[in-house]
Amino acid sequence: MGGAPKAIVVAGPSGVGKGTLIEKLKAEYSEKIGFSVSHTTRQPRAGEINGIHYHFAKKEDMKDGIDKGLFIEWAEVHGNYYGTSKESVESVAKDGKACVLDIDVQGCRSVRKAELPAKIIFVAPPSMEELEKRLRGRGTETEEKILKRLKNAEGEMAARNEAGLFDAVIVNDDLEETYASFKTLVKDEIA
Ligand SMILES: Nc1ncnc2c1ncn2[C@@H]1O[C@H](COP(=O)(O)OP(=O)(O)OP(=O)(O)O)[C@@H](O)[C@H]1O
């Protein structure tokens, strides 16, 4: 394959196993993949380096960037903005690495709209019951958060057949089988 590697975008409901698949890819292909540096308006903590841990930005500059459509995703958390810029994803590709992104469906739509070269893969659970089991089994969320994530999951799942959005949908039933399918789908980017 000629040219820079495409971004590898992984979407799907919370608890489906996106992080698990990405960790496996990172362990096996650490030199082929990279991660974008997020922007934030919060203050740097001790030891955090601008451009490495985050791009630390002024609120008005980041708001301006968001308004101009320079971010593929952003969120306001406790009064600070966090986001992933199109440029930070492109810079990973310029280094010759596939930028791995774990984003929601809305973020995937932005990737398409921005025409970022990307393989976008939707990871679906074998069933909603299994999704709930995994979310609970992970033991990282309060009951309130589990219920919120399950509600959001319905919206995410509804988008899985959206025209032109995903390059592939994989069902994460057996982890090793899913990982094998995932690698096949992104083989050109990690070659
Ligand atoms: N194929 C699988 N079979 C059984 N359990 C799995 C499988 N894949 C992942 N898990 C488990 O399900 C839980 C959720 O996985 P993970 O944290 O990777 O999900 P996620 O999609 O990244 O969630 P979030 O979007 O909330 O970060 C974890 O405990 C993980 O070990």
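Modeller: Two residues are in contact if their C-beta atoms, placed from the backbone, lie within 7 Å. Keep that cut-off in mind; this model is predicted.

Biologist: Which strands does helix H2 lie across, and at what angle does H2 run to S6?

Modeller: Helix H2, residues 59–67, lies across S3, S5 and strand S6 (80–85). The angle to S6 is about 45°. Angles run from 0 to 180 degrees between N-to-C directions.

Biologist: What makes S3 and S4 a pair?

Modeller: Pairing takes at least two bridges found by DSSP. Strand S3 (residues 39–40) and S4 have two bridges, in the parallel sense, so they count as paired. His-39 is bridged to His-55 in S4.

Biologist: Why are S4 and S5 called edge strands?

Modeller: Strand S4 (55–56) and strand S5 (71–77) each pair on one side only. The order in this open sheet of four strands is S4-S3-S6-S5, with mixed pairing.

Biologist: How is the five-stranded sheet ordered, and what is its pairing?

Modeller: The order is S2-S7-S1-S8-S9, an open sheet with parallel pairing. Its edges are strand S2 (33–34) and strand S9 (168–171).

Biologist: How do you know that S2 pairs with S7?

Modeller: The threshold is at least two bridges. S2 and strand S7 (residues 98–102) have two, so they qualify as a parallel pair. In S7, Ala-98 is the bridge partner of Ile-33.

Biologist: Which helix packs on that sheet, touching S1, S2, S7 and S8?

Modeller: H1 does; strand S1 spans 7–11 and strand S8 spans 118–124. The direction of H1 makes about 160° with that of S7. H7 lies across S8 and S9, at about 165° to S9.

Biologist: Which residues come nearest to the ligand?

Modeller: Ser-14, Gly-17, Gly-19, Thr-20 and Arg-134 come nearest, out of 14 residues around the ligand. Helix H1 (18–28), helix H5 (128–138) and helix H7 (175–185) each give two or more residues to the shell.

Biologist: How does that shell divide by residue type?

Modeller: Nine are polar, three charged and two nonpolar. Gly counts as polar here, so Gly-17 and Gly-19 from the nearest group are polar.

Biologist: How many helices and strands does the chain have?

Modeller: Eight helices and nine strands.

Biologist: Why is the chain called as compact as a globular protein of its length?

Modeller: The globule rule gives 16 Å for 191 residues. The radius of gyration is 17 Å, close to that value, so the description holds.

Biologist: What does UniProt list for residues 5–187?

Modeller: An unreviewed UniProt entry lists "domain: Guanylate kinase-like" there. In the model, that span is 42% helix and 22% strand, and its end C-alpha atoms lie 10 Å apart.

Definitions and conventions: Residues are numbered from 1 along each chain as its sequence is written. This is a predicted model: local features need pLDDT of at least 70, side-chain atom pairs count only at pLDDT 80 or more; totals for chains, interfaces and linings use all residues. A residue is near a molecule or strand if its C-beta atom, placed from the backbone, lies within 6 Å of it. UniProt positions are given in the numbering used here, feature names are shortened, and annotations may be inferred rather than shown by experiment. The radius of gyration is taken over C-alpha atoms; the globule rule is 2.2 Å times the number of residues to the power 0.38.
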